[in-house]
Amino acid sequence: MYIPSVGGKKFAFKKIPGANIARGARGSRMDYDQTKIPEMYARGRDHGPVFLEQWMNVVAGHVDPAGVHDILDLGCGTGRFSNALASRFSSNLVGIDPSTKMLQQALNSPSYSRVFYANGVAEALPLASNSVDVVFISMVFHHFTDPPTVAEECKRVLRSNGRVFLRTASREKTSMYPYVPFFPASWRLLEQRVPSLTFQRGVFEDAGFRTLACEVVTQEIAPDYSAYADKLALKADSILASLDDKDFQAGLHALRFAAATMPPRAVTEPIDVLVFGK
Ligand SMILES: C[S@@+](CC[C@H](N)C(=O)[O-])C[C@H]1O[C@@H](n2cnc3c(N)ncnc32)[C@H](O)[C@@H]1O
């Protein structure tokens, strides 16, 4: 695997000139470095070892572990899945993300020895052709400024038997996201920002990928609604972070009221998974 960011230091990352050019082309899409999300992301979005184990099992169900040597965690953010992926598949992993602040959080966490991070965007991957066996993309598709170019880039860097594993939100599922009833203003933002699953699948198929799996995974994100409210209060979600403060506080209040009045139960949400091969 060609890792341009290492520069002799195991967990270093550096700015890549091409990444900055591509980043400039990102237009008005959310730039995590201009938000408070990076400081809160790990506390708001990490859901513990059982959650990670669940996702590693889902990935392992779609790739041949013996054939996985190099993984790209595309839009890795704080590295929420990076260590678990590298460790589960005993492989090298490079996490690429345009947000310096998200990567800094990743670097501040203990890292598995074969995990590296680089600054870059999916539309111009700073990786050699045919250099990875898995491209793992989690909760990033809705941020891509040029999805067809991203799919072409995935095709370029992926080895012939490789897999793209897309873990994503979709417009078809937005009504099932558990925060939506409490934050009605989030509905319009989700409609505007989250593409349909049909579109996401079509982008990869148009680039020449075959769809090998299309499924929904239900994940637990809090043991009860009170814990869920505590997590959401951190504003570690780009949709909730975009709400105006009045709408956000009203939603949080409604959620805490519901938590106090309903019998405790785990909070779950559906996540779409698409798996592509060349
Ligand atoms: C919701 S976070 C997901 C982080 C991580 N994949 C996870 O599941 O925890 C979205 C990430 O996508 C990154 N991102 C935004 N635009 C991107 C692009 N064009 N290419 C790659 N990553 C991008 C953001 O900087 C942010 O770290």
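Begin by selecting Ile71 in this predicted model; its bridge partner in β4 is Val134. Extend the selection to the two strands concerned: β1, residues 70-74, and β4 pair in the parallel sense over four bridges.

Next, select helix α6, residues 147-157, which packs on the sheet and touches β1, β4 and β5 (158-168). The direction of α6 makes about 140 degrees with that of β5.

A further helix to display is α8, residues 197-206, which also packs on the sheet. Its contacts are with β5, β6 and β7 (267-277), and its direction makes about 20 degrees with that of β7.

Now return to β1 and select Leu72, which stands opposite Val94 in β2. Five bridges join β1 to β2, and these strands run parallel. To follow the chain between them, trace it from β1 through helix α4 (residues 82-88) to β2; this β-α-β crossover is right-handed.

Remain on β2, residues 92-97, where six of the six residues are buried. On one side, select Asn92, Val94 and Ile96; on the other, Leu93, Gly95 and Asp97. Both faces of the strand are thus seen to be covered.

From Asp97, move to its bridge partner in β3, Asn119. Strands β2 and β3 run parallel and are joined by five bridges. Add helix α5, residues 100-108, to complete a right-handed β-α-β unit with β2 and β3.

With these elements in place, display the whole sheet. It is open, has seven strands in the order β3-β2-β1-β4-β5-β7-β6, and shows mixed pairing. Select β3 (115-119) and β6 (210-222) at the edges: each has a single partner strand, so one side of each is left without a neighbour in the sheet. From one strand to the next, the twist averages 20 degrees.

Turn then to the nonpolar interior. The largest nonpolar core contains 53 residues, of which Ile71, Leu72, Val135, Phe136, Ile137 and Val164 touch the most other members. Strand β4, residues 132-138, gives the most to this core, with five residues.

Which residues surround Val135, once its neighbours within four places in sequence are left aside? Selecting Leu72, Leu74, Cys154, Val157, Leu158 and Val164 displays the residues in contact with Val135.

The final stop is a second, separate core of 16 residues. Tyr179, Phe182, Leu190 and Val267 are among its members and may be selected together.

Definitions and conventions:
Residues are numbered from 1 along each chain as its sequence is written. This is a predicted model: local features need pLDDT of at least 70, side-chain atom pairs count only at pLDDT 80 or more; totals for chains, interfaces and linings use all residues. A nonpolar core is a set of buried Ala, Val, Leu, Ile, Met, Phe, Trp, Tyr and Cys residues joined through C-beta atoms within 7 Å. A residue is buried if 20 or more other C-beta atoms lie within 10 Å of its own, exposed if 12 or fewer, and partly exposed in between; C-beta atoms are placed from the backbone. Two residues are in contact if their C-beta atoms, placed from the backbone, lie within 7 Å. Two strands pair if DSSP finds at least two bridges between them. Axes are lines fitted to C-alpha atoms, for helices over the stretch in contact, and angles run from 0 to 180 degrees between N-to-C directions. A crossover is right-handed if, with the strands pointing away from the viewer, the path from the first strand over the helix to the second runs clockwise.
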